[in-house]
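Here are a few exercises to work through with the model open on your screen. Try each task yourself before reading the solution.

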Amino acid sequence: MRLICNRALAALPAVMAVTFIVAGPGALTPRAQTPKRLALVGGMLLTGYEVPPIHHAAVVIEGNKIVAAGPASEIKIPADATVVDTSGRAMLPGLIETHGHLIVLGHGAYETWFPWITAHGGDAMLTRVMEISARQLLMAGVTTTIDLGAPLKPSLSIRDRINKGDVVGTRALVSGPWIARLSGPGAGGAMQVGFGGFNIASSAEAAQKVEELAAAGVDHIKAHSGLTLEDYKAIVDAAHRHRLRVYAHVYAETDVRHALEAGVDVLQHVGSAGTAPPYSKELITDIVNAGRPVVVTAAHRAWVYQDTAEFPERLQDPDLKRAFGPDIYAEVQDSLKNWWTLGYFQRTDREMLYRERGVRQFIESGAVMGMGTDSGTPMNFHSEALWREIKVHVDMGMTPTRAIAAATRVNAQIIGKGRELGSIEPGKLADIIVVNGNPLFDITALSHVEMVVKDGAVYKGGPPVDAKPRSSGIAPPR
Ligand SMILES: [Zn+2]
Ligand SMILES: [Zn+2]
């Protein structure tokens, strides 16, 4: 094994010798750099397709694009390339999160989190929180995130500042406020208000809100709860006129049915692994036959709860302390003191009963499955949400190769960026991560992200060079 690799390296012209810097969690101050040509050489390559890995591989990047990928022995490394030795590691496409929330970061309760933000700087604190979340995601190897619900201005601002290189963070595509139809306490509740949701009273108003969001420049629409079939239809019609995708937050069978029939593009939660009992065979079959993607967001309630019961120490991960700063860390710790009493986990008993069936019914059906986590919800930290979600899918019977494809290539297709993102092949944007370990053998290797390349720029690990990252190569939605 070494031989092939060494031969490949020896065959290189006199390249700049660059040490592969292994950063301890949070040890590096991530500084982006944009070498003209970058080559990652020696490690195993998972391309994002459901095929066996390429061993002792090489990936060549020019600017922000991948120009070559394959066995190192067959890839010509340009003489002026900066070479990073990835021997003994696995390389795979940057992960994509199809359900994140940058304005929350694991705090235990929305009813105290949002007032705390208001009392501690308001917009300035909100901005800081979103920056922290975006950075946590990127350092965890999540190079693209679909944000599904936050006030409009801060959403657009964080997206644009990341793209300009002013903020180090995951590439964010944002919905801004979600659209819901709520009555009673939910209408003015902490969640609806804090996430900045629109509460509509008619289908026409729902369509109007889509028009406003489209005009403001959002990347997609989030259809939240309480909506009728007519509401979904109005939202989808308006959104599709602007070529915006619609993500629906659906649990109950009737809501899933309505969203499916109205042509919603991605069904999110779909029971969240037990919140709603398993769906009828007929509904699952219709979802499969329609080819409509589902994102189960399985781990964030039932599994996170049990994992925390087994290892409450996870709540005091020093990485969180470093990422949050003392004030936010103290507030989050305070909110999680009696984490098992939190309202967010009220339904965990029922979820525990149905959670496995809730995930398996989709895996076994052959449905198009993406991967998303509701990242940022209570105890569901951005630094680990996605690898936990992927692990649940693998534990429930999805092969590691399929689970990685779901979190990369399939996710890219689901979000409408299949031509630019999601796989390691010439022509794609250079979003690549390097992990310690073989994720095909042990999927939790995805929790050991040593190097992150986004848009051709190195944000973690690799040669430390000061430079501003280039702007995202992603085309605007319209
Ligand atoms: Zn949701
Ligand atoms: Zn959500």
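Before starting, one cut-off: a residue is buried under 20% relative accessible area, exposed over 50%, and partly exposed in between. At 32%, Asp 327 therefore counts as partly exposed. Keep in mind that this is a predicted model.

**Exercise 1. Work out which residues coordinate the zinc ion (ligand 2), and where the donors His 99 and Asp 374 sit in the chain.**

Solution.
- Step 1: pick out the donors. They are His 99 (NE2), His 101 (NE2) and Asp 374 (OD), at 2.1 Å.
- Step 2: write down the spacing in sequence, which is H-x1-H-x272-D.
- Step 3: place two of the donors. His 99 lies in strand β8 (residues 95–100), and Asp 374 is in the loop between α13 (348–365) and α14 (385–395). These two are 275 residues apart, so the pair links distant parts of the chain.
- Step 4: check accessibility. His 99 has a relative accessible area of 0% and Asp 374 comes in at 7%; both values are under 20%, so both residues are buried.
- Step 5: look for the other metal. The zinc ion (ligand 1) is 3.2 Å from the zinc ion (ligand 2).

**Exercise 2. Arg 128 and Asp 327 meet in a salt bridge: which helices does it link?**

Solution.
- Step 1: check the distance. It is 2.8 Å, N to O, and the cut-off for a salt bridge is 4 Å.
- Step 2: find the helices. Arg 128 belongs to α3 (residues 123–139) and Asp 327 to α12 (residues 326–335), 199 residues apart.
- Step 3: classify the partners. Arg 128, at 29%, is partly exposed, and Asp 327 is partly exposed too, at 32%.

**Exercise 3. Are Arg 171 and Asp 455 buried or exposed?**

Solution.
- Step 1: confirm the contact. Their side chains form a salt bridge at 3.7 Å, N to O.
- Step 2: locate the ends. Arg 171 is in strand β10 (residues 171–174), while Asp 455 sits in the loop between β18 (449–454) and β19 (457–460), 284 residues away.
- Step 3: read off the areas. Arg 171 has 1% and Asp 455 has 2%, so both are buried.

**Exercise 4. How many salt bridges does a search of the whole structure find, and which residues form a network?**

Solution.
- Step 1: take the total, which is 23.
- Step 2: trace the network. Asp 307, Arg 314, Glu 384 and Arg 388 are linked by salt bridges.

Note on methods:
Residues numbered from 1 in each chain as written. Chains lettered and ligands numbered in written order. Predicted model: local features only at pLDDT ≥ 70, side-chain atom pairs only at ≥ 80, totals over all residues. Heavy atoms only, no water. Donors = N, O, S within 2.8 Å, 3.2 Å for Na, K, Ca; no water. Helix = DSSP H or I, 4+ residues; strand = E, 2+ residues; numbered from the N terminus. Buried < 20%, exposed > 50% of the residue type's maximum accessible area, 1.4 Å probe, protein only.
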